[in-house]
Structure formats: structure tokens, C-alpha cells
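Q: Got a minute to walk me through this one? I'd like to start with the core.

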Amino acid sequence: MSFVDGGSGALSFLQKFKDSNVDQDHMCILHIRAGLGGLEPQNFASMLHTAYEKWAISNHVSVFVLKHVPGEVYDTIQEVRVLLHSSKIDVYKKLCTETGV
């Protein structure tokens, strides 16, 4: 599994597949945003992001961070957007039924 932080690595990855014939179902953009309410939703968004990262590790899925907005307190997230990609599994099909908690 590989993590690419920041826009440059993720943008070059997206550009690489933009005009190729790669099956788009093997890619998925996951956007997690904390709701209103201060620290509690930011903490929940952080836990949700961690859960998806662990899922990605266990399924050999690459994670590319497209956007990361930290929360008010250390280890919390206001917003995160990641691109998940795998050449082996259909990431979109695995996650398309995820509609939140």
C-alpha cells in the first residue's frame, strides 16, 4: 500500500489514468467531512478516516490524499478527500453501498 500526500502526487496519478483504458471501477474517491458541532464531529471524521485506512491496508489498496484540512485539535479532521486505487479488486464495487453511518 502506498500513501501519497498532497496534490502533486495524486494529480499526476489522476493524469496518468485520465486518457488510459484502465477500469475506472478500480478507483474511488472518498470524501469525509465533519459536520457542524465542533470537536465531536471532527473526532468522528478522524475515526472514520482511520477505519477506511485500515480497510485499505488489509485489502492492499493504494491511498492518495487529495485534500486534508486538519481540525481544531490535534488528531482531528475537518475534511479529507482521498483517492483509493487497486489493480486487484474493484474498489468502487466494494464501497458503493457505503452511505454513511
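A: Sure. One term before we start: a nonpolar core is a set of buried Ala, Val, Leu, Ile, Met, Phe, Trp, Tyr and Cys residues joined through side-chain atoms within 4.5 Å. Keep in mind that this is a predicted model.

Q: OK. How many residues are in the largest nonpolar core?

A: It has 17 residues. Those with the most contacts inside it are Leu30, Ile32, Val61, Val82, Leu84, Val91 and Leu95.

Q: Which elements give two or more residues to this core?

A: Two helices and three strands, by name: α2 (39-58) and α3 (91-95), then β2 (27-33), β3 (62-70) and β4 (77-85).

Q: And which one gives the most?

A: That's β4, with four residues.

Q: Take leucine 95. What does it touch, leaving out residues up to four places away in sequence?

A: Cys28, Tyr52, Trp55 and Leu84.

Q: Let's back up. What's the overall layout of the chain?

A: Along the sequence, the pattern is β-α-β-α-β-β-α. That makes three helices and four strands.

Q: How much of the chain counts as buried?

A: 34% of the 101 residues. As for contacts between residues at least 6 apart in sequence, 67% join residues at least 24 apart.

Q: Now glutamate 79. Where is it found?

A: In strand β4.

Q: Is glutamate 79 buried or exposed?

A: Buried. Its relative accessible area is 13%, and the cut-off for buried is under 20%.

Q: Which side chains does the glutamate 79 side chain make a polar contact with?

A: One is the side chain of histidine 31, at 2.7 Å. Another is the side chain of lysine 67, at 3.5 Å.

Q: What else does glutamate 79 touch, beyond four places in sequence?

A: Besides His31 and Lys67, glutamate 79 touches Ile32, Arg33, His68 and Val69.

Q: Switching to pockets. What's the volume of the second largest pocket?

A: About 150 Å³.

Q: Which residues line the second largest pocket?

A: Ser46, His49, Thr50, Glu53, His68, Asp75, Thr76 and Ile77.

Q: Which element gives the largest share of that lining?

A: Helix α2, with four residues.

Q: How do the lining residues divide into nonpolar, polar and charged?

A: Five are polar, two are charged and one is nonpolar.

Q: His68 rings a bell. Where did it come up before?

A: With glutamate 79: His68 is among the residues glutamate 79 touches. His68 also lines the second largest pocket.

Notes:
Residues numbered from 1 in each chain as written. Predicted model: local features only at pLDDT ≥ 70, side-chain atom pairs only at ≥ 80, totals over all residues. Heavy atoms only, no water. Buried < 20%, exposed > 50% of the residue type's maximum accessible area, 1.4 Å probe, protein only. Contact = heavy atoms within 4.5 Å. 1 Å grid on protein atoms, 1.4 Å probe; cavity = no way out; pocket = protein on both sides within 12 Å on 5 of 7 lines; lining within 4 Å. Points joined across faces, edges and corners; volume = space filled by probe spheres on them. Nonpolar A, V, L, I, M, F, W, Y, C, P; charged D, E, K, R; others polar. Polar contact = N/O pair within 3.5 Å; in protein donor to acceptor, adjacent residues only side chain to side chain.
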